[in-house]
Amino acid sequence: MNQLKNYEVVSCIQPSGDIHIGNYFGAVKNWVALQEKYQCVYGVVDLHAMTRNSEPKALQSNTDQMVIDLLACGIDPNKSTLFVQSLIPEHTELTWILSNLTNFGEVSRQTQFKNAQKHNESTSAGFFTYPILQAADILIYKAKYVPVGDDQRQHLELCRKIAERFNTRYEVDYFDLPEAMYTNSSRIMSLADPSQKMSKTKGEKHFIRLFEEAETIRKKVNAAVTDSGDTPEGEMSKGVSNLFTILGACGKGDEVISLTNDFYTNQLKYTQLKEAVSEALVELTTGLRTRRSEIQSDVSLINDTIREMSEKARKTARNTVYEVKKHVGIKSISHF
Ligand code: TYM
């Protein structure tokens, strides 16, 4: 019986410790919504996390925790397939094949690599070629849509180029070009420096964990930068605009409308906006924390579920690599 699943949506997240509200509003919330309409496959990409010199125990526990966090966010094993990347070796096999279709210059121009160079960070070859592994993660499932945050735009473009080049080079119409899917909150900015995207690497005051305690959320939102001093009179500063984006992403559209109106009639007090954002976030995260502690209690069930689902995803991955190898002219041991 052919148990191959055809996926329409694919996306992945690195297990880099705690998931933050940027990850959630930019990507994961959308992943959950898309399950209702599409066949989706989502991955916890532990091989990507290795590019940051991760410590083995932390890598393992962060990977397990990310699986739990995604389930708590609402990724449903009855609707979607959730895999751990290292359980599917075909991702790395396809990466090698695609590496030979990727120009050195294209990888050198990736912003992440250029930034690391600019700051004189020592980078591994893995960090350099990481975008090709990402292209393999996407193309191996032959899905049409890739829900991601705005920071992944360049990686997605490279993936499309590689797919196109494969088709041209081997004179086949094999890969469809995947399309990125963005939300209205595809770029959540740092609270302490709203000119930069929210990320964990900049330090505690820059981000909010999705499972953060209510008290800390309130403190962080209260301390958020609202006036960066360079905003023209009557315009919204980046910090204020970011708070409105977060409020909207929490599903508080009515409050966004009424407080935006207050802003343009000069009646908005920033404490009022911050209060609304804190309350919306606390409401959201309290529900998620409860769900996570329920799930967390059954670790063996989670391990079984993730192995089963990864095995399911692997069937599709294997089939793609088998077909790709045929086009390329290299050998396969067997089909399945
Ligand atoms: P990662 O793990 O950094 O982030 C996971 C998802 O969260 C989004 N995101 C944000 N969205 C809005 N505002 C922010 N401040 C913010 N920060 C992060 C990211 O855009 C992403 O969608 N290279 C990827 C992982 C990856 C991948 C893939 C993604 C590997 N293979 C295949 C899609 C398809 C990354 O490091 O994301």
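Visitor: What makes residues such as Gly239 and Phe244 in H10 count as buried?

Guide: In this predicted model, the residues of H10 that are buried are Gly239, Val240, Asn242, Leu243, Phe244, Ile246, Leu247 and Ala249, and that word is used because a buried residue has under 20% relative accessible area.

Visitor: Which helices do the buried residues of H10 pack against?

Guide: Those residues pack against helix H1 (21-34), helix H9 (214-222), helix H11 (253-264) and helix H12 (270-296).

Visitor: How do you know that the length of H10 agrees with what is expected of a helix?

Guide: H10 runs over residues 238-249, twelve residues that at 1.5 Å a residue should span 16 Å, and since its end C-alpha atoms are 16 Å apart, the two values agree. Just after H10, Gly251 takes a positive phi of about 85°.

Visitor: Why is H3 called oblique to H12?

Guide: The axes of helix H3 (residues 56-73) and H12 cross at roughly 125° and come within 8 Å. Roughly perpendicular covers 65 to 115 degrees and roughly antiparallel needs over 145, so the angle of roughly 125° falls in neither class, and H3 is therefore oblique to H12. The crossing is right-handed.

Visitor: Which residues make that contact, and how do they divide by class?

Guide: H3 contributes Gln65, Ile68, Asp69, Leu71, Ala72 and Cys73, while H12 contributes Leu288, Arg291, Arg292, Ile295 and Gln296; by class, the contact has six nonpolar, two polar and three charged residues.

Visitor: What makes H4 roughly parallel to H13?

Guide: Helix H4 (residues 90-99) and helix H13 (residues 299-328) pack with their axes 9 Å apart and at an angle of about 25°. Angles under 35 degrees count as roughly parallel, and H4 is therefore described as roughly parallel to H13. H4 passes H13 in a left-handed crossing.

Visitor: Which residues of H4 and H13 make the contact?

Guide: From H4 come Glu90, Glu93, Leu94 and Ile97, and from H13 come Arg314, Ala317, Arg318, Val321, Val324, Lys325 and Val328; these divide into six nonpolar, no polar and five charged residues.

Visitor: Why is Arg153 called partly exposed?

Guide: Arg153, which is found in helix H8 (residues 153-169), has a relative accessible area of 43%. Buried would require under 20% and exposed over 50%, so Arg153 lies in between and is partly exposed. Arg153 and Tyr182 are 29 residues apart in sequence and 9.5 Å apart in space, C-alpha to C-alpha.

Conventions. Residues numbered from 1 in each chain as written. Predicted model: local features only at pLDDT ≥ 70, side-chain atom pairs only at ≥ 80, totals over all residues. Heavy atoms only, no water. Helix = DSSP H or I, 4+ residues; strand = E, 2+ residues; numbered from the N terminus. Expected span 1.5 Å × (residues − 1). Buried < 20%, exposed > 50% of the residue type's maximum accessible area, 1.4 Å probe, protein only. Contact = heavy atoms within 4.5 Å. Axes fitted to C-alpha atoms, helices over the stretch in contact; angles between N-to-C directions. Left-handed = near helix turned anticlockwise from the far one by under 90°. Nonpolar A, V, L, I, M, F, W, Y, C, P; charged D, E, K, R; others polar.
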